[in-house]
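Reader: Could you walk me through how the labels in this entry were assigned? I like to see each value set beside its cut-off.

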Protein chains: 2
Amino acid sequence: MSATPSPARRTGGRSAAVLAAVRSAVEELVAERGSAQVTIPMVAERAGVNPTSVYRRWGDAASMINDLATYRISPDRPLPDTGDLGEDLVRWAQEIIEHFRQPAAAALLRGGAAAAGAGDSDCLRNRRAEATLLIERAGDGPPVDDVIDHVIAPIVYRVLFRPWSLAEDDLAGALVSRLFAGR
Amino acid sequence: MSATPSPARRTGGRSAAVLAAVRSAVEELVAERGSAQVTIPMVAERAGVNPTSVYRRWGDAASMINDLATYRISPDRPLPDTGDLGEDLVRWAQEIIEHFRQPAAAALLRGGAAAAGAGDSDCLRNRRAEATLLIERAGDGPPVDDVIDHVIAPIVYRVLFRPWSLAEDDLAGALVSRLFAGR
DNA sequence: AAGTTAAAGCAAATATTTCTGCGTTAGAGT
DNA sequence: ACTCTAACGCAGAAATATTTGCTTTAACTT
């Protein structure tokens with residue numbers, strides 16, 4: 001057998017334009033109406049794209065939203081590197097908080113949470129990978145799960161259920177110092 | 001002006017039966033297929049109820065799921081009362097963890113998260129009220145927000161994105177002791 | 001026990017979403 | 001340039017969901 005004939009994807013040009021248009025449309029609509037009220041025909045119209053294209057690429061609204069939520073923060077942006085793990089974590093947390101203060105980002109996270117099932121999807125997996133990287137680079141630090149439990153989880157909780165409380169003064173600093181307190 | 005003629009609601013008997021049937025149907029379906037894939041006709045059929053009744057009572061699937069998610073744990077169950085705040089919090093956290101290990105409860109929380117918007121809904125508000133009660137009763141203890149950030153938030157995060165990790169040994173104890181560590 | 005009417009049921013009309021087949025456009029490799 | 005065909009667009013069909021007007025049932029009040 002030939003080793004996967006690789007059907008030659010065509011991701012550039014027109015396809016890329018469709019993706020970009022759909023992405024913006026989804027973000028707008030999800031922020032305006034909530035992920036549960038966003039339908040594919042609605043997205044297609046706003047994006048100026050044929051609904052069929054959206055159906056064929058994503059299948060249904062939930063998958064589409066989850067997919068777009070996962071890649072919302074650039075996964076290859078540079079991470080803070082001050083030489084001090086604590087400081088790096090604070091800055092990293094601040095970036096995440098700022099990100100999720102955008103209503104569109106928060107709405108996408110809600111959609112991602114809804115789609116997350118029995119391990120088949122997790123739109124925050126990139127954040128976990130980043131935490132792992134920061135800690136490994138420092139050579140020593142709290143377990144990744146502690147960072148998730150006490151820095152990411154509180155942020156996510158607030159994004160989902162108490163978005164206004166993300167604006168609290170020095171939230172990132174408070175969370176990170178609690179992280180180091182119990183060691 | 002007449003003081004609200006009180007249209008005399010009829011919540012008993014048949015209405016209560018419909019509510020119970022719909023509640024079970026929603027829990028089953030949401031656990032089986034995820035909140036995004038649950039439709040009102042589907043729920044009505046499983047519940048053996050006319051779709052129109054569901055439309056008229058809840059309007060749409062998202063509201064229905066959010067509404068049922070909010071009252072999933074009995075809000076007036078007795079809270080732990082050992083005389084020791086730390087111990088009470090551990091037991092309380094354990095109850096919550098156990099609760100959300102039921103797939104139906106986890107699925108409802110996902111639905112509630114999706115529906116939670118700009119403060120218009122929060123299916124965890126009862127948990128916050130309980131934390132407040134425990135702390136006030138003890139007369140002294142960490143701020144409620146700390147309990148939310150470092151006990152509830154990690155639990156919720158795990159329910160939503162890493163459900164298998166809820167089974168971890170003494171999760172409740174670990175979270176609560178971290179809560180008291182930074183004081 | 002009788003009266004009032006909220007809430008449920010039913011059925012038909014309407015609206016929306018989803019699927020399918022086929023022609024068109026244009027991305028990627030030669 | 002030219003070829004091949006992935007991905008898009010379009011239109012009509014099919015499937016689903018939602019609304020509406022009316023009838024029936026039965027929960028509360030007196």
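Author: Gladly! Let's start with a definition: a polar contact is a pair of N or O atoms within 3.5 Å. Please keep in mind that this is a predicted model.

Reader: What makes B:S53 and DNA strand C a polar contact?

Author: A polar side-chain atom of B:S53 lies 2.8 Å from a phosphate oxygen of DNA strand C. The cut-off is 3.5 Å, so this pair counts as a polar contact.

Reader: How do you know that A:R14 and B:R56 have polar contacts with bases of DNA strand C?

Author: For A:R14, a polar side-chain atom is 2.9 Å from a base oxygen of the strand. For B:R56, an N or O atom of the side chain is 2.5 Å from a base oxygen. Both pairs are within 3.5 Å, so both count as polar contacts.

Reader: Which residues come nearest to DNA strand C?

Author: There are 23 residues around the strand, and A:R10, A:Y55, B:R10, B:R56 and B:R57 come nearest. By residue type, the surface near DNA strand C divides into five nonpolar, nine polar and nine charged residues.

Reader: Which helices supply at least two residues of that surface?

Author: In chain A they are α1 (13–33) and α3 (51–58), and in chain B α1 (13–33) and α3 (51–58). The largest share, four residues, comes from α3(B). On the DNA side, 59% of the strand C atoms within 4 Å of the protein belong to sugar or phosphate, and the rest to bases.

Reader: Now the aromatic rings. How many aromatic pairs does a search of the whole structure find?

Author: Two, over all chains. In one of them, the rings of A:Y157 and A:F161 have their centres 5.3 Å apart and their planes at 50°.

Reader: Why is the pair of A:Y157 and A:F161 called tilted?

Author: The centres lie within 6.5 Å, so the rings pair; 50° is neither under 30 degrees nor over 60, so the pair is tilted. These two residues are four apart in helix α8 (residues 144–161) of chain A, which means they are separated by about one helical turn.

Reader: Why is A:Y157 called buried?

Author: Its relative accessibility is 3%, and buried means under 20%, so A:Y157 counts as buried. A:F161, at 1%, is buried too.

Reader: What makes the pair of B:Y157 and B:F161 tilted?

Author: The ring centres are 5.3 Å apart and the planes are at 50°, so this pair is tilted. B:Y157 is buried with a relative accessible area of 2%, and B:F161 counts as buried at 1%.

Key
Residues numbered from 1 in each chain as written. Chains lettered and ligands numbered in written order. Predicted model: local features only at pLDDT ≥ 70, side-chain atom pairs only at ≥ 80, totals over all residues. Heavy atoms only, no water. Near = heavy atom within 4 Å. Polar contact = N/O pair within 3.5 Å; in protein donor to acceptor, adjacent residues only side chain to side chain. Nonpolar A, V, L, I, M, F, W, Y, C, P; charged D, E, K, R; others polar. Phe/Tyr/Trp six-rings, centres within 6.5 Å; stacked < 30°, edge-to-face > 60°. Buried < 20%, exposed > 50% of the residue type's maximum accessible area, 1.4 Å probe, protein only.
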